[in-house]
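Let's go through this one together at the bench, feature by feature. Have the model open and turn it as we talk.

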Amino acid sequence: MVSFLEKKLFEKTESQQNEILYAQWKYDKELIPTALQAISNLFPHYSLHDESHSKSILNNIFRIIGEDKIEKLSAIDIWLLLEASYLHDIGMVVSGNNISKALNSLDFLNYFKELQNDKSNYLLSFTRLLMTTCF
């Protein structure tokens with residue numbers, strides 16, 4: 001369904017003043033998936049939040065709205081659907097600088113020790129993995 005939405009966006013922006021929307025989408029579609037791949041490394045205990053998750057959202061939107069109603073959407077509406085589906089998890093991407101700060105933070109280290117001592121916490125396996133890779 002992504003290809004259908006992209007096609008509609010292209011058609012609605014071609015030779016129009018808003019063709020920047022299509023150009024921005026093409027740029028973001030190349031860039032965002034790379035950033036989203038980092039999420040599963042940072043949050044292995046979460047469900048997938050990569051490009052496949054974004055495509056799944058778009059497929060579900062397509063099923064709910066239907067092709068006939070999507071045809072009636074404006075270029076900006078279609079662009080917003082595409083961008084929102086790909087960008088909604090981007091806040092989960094953490095920079096190396098912020099990771100380094102957290103790993104050296106006394107608050108984080110205390111929290112991490114608490115997790116290691118709580119055998120019933122679902123993050124226990126994550127703490128073990130982090131210990132073997134970072135410390």
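Q: At what angle do helix H1 and helix H2 pack?

A: Some ground rules before the angle. This is a predicted model, where local features need pLDDT of at least 70 and side-chain atom pairs count only at pLDDT 80 or more, while totals for chains, interfaces and linings use all residues. Residues are numbered from 1 along each chain as its sequence is written, and side-chain values use heavy atoms, with hydrogens and water left out. Helices (H or I, at least four residues) and strands (E, at least two) are DSSP runs, numbered from the N terminus. An axis is a line fitted to C-alpha atoms, for helices over the stretch in contact, and angles run from 0 to 180 degrees between N-to-C directions. Now the case: H1 (residues 2-13) packs on H2 (residues 19-42) at about 150 degrees, and their axes are 7 Å apart. So H1 is roughly antiparallel to H2. The cut-offs for such words are under 35 degrees for roughly parallel, over 145 for roughly antiparallel, 65 to 115 for roughly perpendicular, and oblique for the rest.

Q: Is the crossing of H1 and H2 left-handed or right-handed?

A: Look at which way the near helix is turned from the far one: anticlockwise by less than a right angle is left-handed, clockwise is right-handed. H1 passes H2 in a left-handed crossing.

Q: Which residues make the contact of H1 with H2?

A: Contact means heavy atoms within 4.5 Å. H1 brings Val-2, Glu-6, Leu-9, Phe-10 and Thr-13, and H2 brings Glu-19, Leu-21, Tyr-22, Trp-25, Lys-26 and Lys-29. Sorted by class, that is 6 nonpolar, 1 polar and 4 charged residues. In this scheme Ala, Val, Leu, Ile, Met, Phe, Trp, Tyr, Cys and Pro count as nonpolar, Asp, Glu, Lys and Arg as charged, and the others, Gly among them, as polar.

Q: What is odd about the phi of Ser-15?

A: Most residues other than glycine have a negative phi. Ser-15 is not a glycine, yet its phi is positive, about 60 degrees. You'll find Ser-15 in the loop between H1 and H2. Accessibility has cut-offs too: buried is under 20% relative accessible area, exposed is over 50%, and partly exposed is in between (1.4 Å probe, protein chains only). Ser-15 counts as exposed, at 66% relative accessibility.

Q: How do the axes of H2 and H5 cross?

A: They come within 10 Å and cross at roughly 10 degrees, so H2 and H5 are roughly parallel to each other. From H2 the contact takes Leu-21, Gln-24, Trp-25, Asp-28, Lys-29, Ile-32, Pro-33 and Leu-36, and from H5 it takes Ala-75, Ile-76, Trp-79, Leu-82, Glu-83, Tyr-86 and Leu-87. The split here is 11 nonpolar, 1 polar and 3 charged.

Q: How many aromatic pairs are there?

A: Rings of Phe, Tyr and Trp (its six-membered ring) pair if their centres lie within 6.5 Å; planes under 30 degrees apart are stacked, over 60 edge-to-face, and the rest tilted. That rule gives 4 aromatic pairs. One of them joins Trp-25 and Tyr-86, with ring centres 5.0 Å apart and planes at 85 degrees, so this pair is edge-to-face. Trp-25 sits in helix H2 and Tyr-86 in helix H5 (residues 75-87), so to speak across the chain, 61 residues apart. Trp-25 is buried, at 0% relative accessibility, and Tyr-86 is buried at 0% as well.

Q: And H3 and H5: at what angle do their axes cross?

A: Roughly 140 degrees, with the axes of H3 and H5 coming within 8 Å. That makes H3 oblique to H5, and their crossing is right-handed. On the H3 side you'll see Glu-51, Ser-54, Lys-55, Ile-57, Leu-58 and Ile-61, meeting Leu-81, Leu-82, Ser-85 and Tyr-86 of H5.

Q: Is Ser-54 buried or exposed?

A: Buried, at 1% relative accessibility for Ser-54. Ser-54 belongs to helix H3 (residues 51-65). Apart from its neighbours within four places in sequence, Ser-54 is in contact with Leu-36, Ser-85 and Tyr-86.

Q: How far apart in space are Gln-37 and Asp-50?

A: Go C-alpha to C-alpha: Gln-37 and Asp-50 are 5.5 Å apart in space and 13 residues apart in sequence. Gln-37 is in helix H2 and is exposed, with a relative accessible area of 52%.
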